[in-house]
Amino acid sequence: MMSQMPRQAALPTCPSCAEPLDAGDRFCGACGYDLSVVPPHPEDHPTLTMNGAAHAAASDSAPPVPPAVPAPPAPPVAPVPPETAGWSTAARAPAQAAPAAPVVPAPGVRFDRPAEPEEYSLQAPDPRVAADSAPAPEPAKVCVACRAGRVDDDGYCENCGHAQPRERDHMEAEPGPLAAVSDRGLRHHRNEDAFGLGTAVLPDGSPALVAIVCDGVSSATRPDDASLAASRAASESLLAALPQGTHPQAAMHEAIVAASHAVNALAGEPATAREHAPHQNAPACTLVGAIVTAGLLVVGWVGDSRAYWVPADRGAPAARLTEDDSWAAQMVAAGLMNEAEAYADERAHAITGWLGADAYELEPHTASFKPDRPGVVVVCTDGLWNYAEAAEEMAEVVPLDAAVRPLHCARVLVGHALDGGGHDNVTVAVVPFPAPPQGAGSA
């Protein structure tokens, strides 16, 4: 506070207006100047006015010129920084400066600093650092046929027009002790099959293996999307229900229903409307699945994709575990044709059941078995069983070590179909029975 500041000795005149003072005055009676303020250094001649103009004193001993109009009491004005000296605050133009006497700066204050800009520009980035951080451009894809042309965004060579392999043209998976392989085949332009695999732990701690295989209906819209949606929905449903204690056969039924809903939903998507043609139906596919536990084998299906049982002991008979939803199967069931005659007919593979919005009625088929010996379950589309239709034929193609090398077995079966002509997409899953303990996989 001002009362705590050192008191200056009595001054003969007011430093501000030069009026005579009485001894002991603390304020000038004329201008109200606070006499308790320490006076400036005697050698500090220049005085900065409010507009920043510097005025030289007439002499070393002469007091500064008083203002024209007495100002109300106010604390002394702090010195203006040098970068503002010489500029008028009203017009921001240089003011005429009088010759200035040498300025003795106050302790701790510097008047020789260079002028500072109002804004600082950012340093330009180092081009070497920018080059290192920039993402590298993706290399152009080269045609697999001519080895010269560039592949466009549609997947065709700009030089020879050859369609390039897609991600789904050949797929393999081996999540533990089961495996699956899917291939486009030699005649189709894309792979319209899909599969889903998984393992689960039942409430009693025993393992369960899940395999789903779906075949898109080629005459429908977006068959590849239908098979993918169905395989994902069914496998996810099973892997969620089995650990909760749902009986495997009931879980399989619910999984097929979930797959049906997933395929039905595709019919309302804009992509279906864009790709729809007058001769096409809503997205559709078939489905076959298997659940294998320590002592139970459950299968479920809609359509003509199949599941086969192949025992490890080839002296025991193999068996087909599913019945087709097809014209040929109906003829055989009705006693109108034998199996050889029915499947030789050109209408043999016309399906009577499928997943899709325009299906007649959803009738999920399920069945459960308790094999008395180890073996494997072969879950496949007609792209395979067309070349090994009878259970005995399928057993002849399955390698003897299929239970411990399921991926190798699946590759052998797909290769058998391709060697036979590969007229359709080929997808097969191989699941060992019984389900091996947790942690055991293929050799």
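Let me start with Tyr-343 and Trp-385, both of which are buried in what is, I should say at once, a predicted model. The two form an aromatic pair of the edge-to-face kind, with 6.2 Å from centre to centre and 90° between the planes. Tyr-343 belongs to helix H6, residues 339-344, and Trp-385 to helix H7, so the pair ties together parts of the chain that are 42 residues apart in sequence. The ring of Trp-385 has a further partner, since the charged end of Arg-306 sits over that ring, 3.4 Å from its centre.

That pair is not alone, as the structure holds three aromatic pairs. In another, the ring centres of Trp-309 and Phe-433 are 5.9 Å apart and the planes stand at 85°, so this pair, too, counts as edge-to-face. Trp-309 is in strand E9, residues 306-311, and Phe-433 is in strand E14, so that the pair links distant parts of the chain, 124 residues apart. Trp-309 and Phe-433 are both buried. Phe-433 is also joined to Pro-434 by a cis peptide bond, with omega at about -5°, and Pro-434 itself falls in the segment after E14.

Both of those strands bring us to the open sheet, where six strands follow the order E3-E4-E14-E13-E9-E10 with antiparallel pairing. Which strands stand at the edges? They are E3 and strand E10, residues 319-320, and because each has a single partner strand, one side of each is left without a neighbour in the sheet. At the E3 end, E3 and E4 run antiparallel and are joined by four bridges, and Met-171 stands opposite Ser-182 in E4.

Next, helix H9, residues 406-419, which has 14 residues and should, at 1.5 Å a residue, span 20 Å; the end C-alpha atoms are indeed 20 Å apart, which agrees. The buried residues of H9 are Pro-406, Leu-407, Cys-409, Ala-410, Leu-413, Val-414 and Ala-417. These cover an arc of only 160° around the axis, which means that they lie on the same side of H9. As a reminder of the geometry behind this, an α-helix has 3.6 residues a turn, so residues three or four places apart point the same way. What covers the buried residues of H9 includes, from the sheet I have just described, strands E3, E4, E13 and E14, and, besides these, helices H7 and H8. After H9 comes Gly-421, whose phi is positive, near 135°.

A positive phi also turns up at a residue that is not a glycine, namely Arg-222, where the value is about 50°. Arg-222 lies in the loop between strand E6, residues 207-216, and helix H2, residues 223-241. Is Arg-222 buried or exposed? With a relative accessibility of 7%, Arg-222 counts as buried. Within H2 we find Asp-224, which at 16% relative accessibility counts as buried as well. If we leave aside neighbours within four places in sequence, Asp-224 is in contact with Arg-168, Arg-190, Asn-191 and Glu-192.

H2 is also one of the elements against which the buried residues of helix H3 pack, the others being helix H4 and strands E7, E8, E11 and E12. H3 runs over residues 248-266, and its 19 residues reach 27 Å from the first C-alpha to the last, close to the 27 Å expected at 1.5 Å a residue. Among the buried residues of H3 are Ala-251, Met-252, Ala-255, Ile-256 and Val-263.

Of the strands that pack against H3, I would single out E8, which is mostly covered, with six of its six residues buried. Leu-297, Val-299 and Trp-301 point one way from E8, whereas Val-298, Gly-300 and Val-302 point the other way. E8 pairs with E7 in the antiparallel sense over six bridges, and a hairpin joins E7 to E8 through four residues; one bridge here is between Ile-291 and Val-298. E8 also pairs with E12, again antiparallel, over five bridges, and Leu-297 has Phe-369 in E12 as its bridge partner.

Finally, for the protein chain overall, the secondary structure comes to nine helices and 14 strands, and 38% of the 443 residues count as buried. Among contacts between residues at least 6 apart in sequence, 63% join residues at least 24 apart.

Definitions and conventions:
Residues are numbered from 1 along each chain as its sequence is written. This is a predicted model: local features need pLDDT of at least 70, side-chain atom pairs count only at pLDDT 80 or more; totals for chains, interfaces and linings use all residues. Side-chain values use heavy atoms; hydrogens and water are left out. Helices (H or I, at least four residues) and strands (E, at least two) are DSSP runs, numbered from the N terminus. The expected span of a helix is 1.5 Å times one less than its number of residues. Buried means under 20% relative accessible area, exposed over 50%, partly exposed in between (1.4 Å probe, protein chains only). The arc is that of the directions from the helix axis to the C-beta atoms. Contact means heavy atoms within 4.5 Å. Rings of Phe, Tyr and Trp (its six-membered ring) pair if their centres lie within 6.5 Å; planes under 30 degrees apart count as stacked, over 60 as edge-to-face and the rest as tilted. A charge sits over a ring if NZ of Lys or CZ of Arg is within 6 Å of the ring centre and within 35 degrees of the ring normal. Two strands pair if DSSP finds at least two bridges between them.
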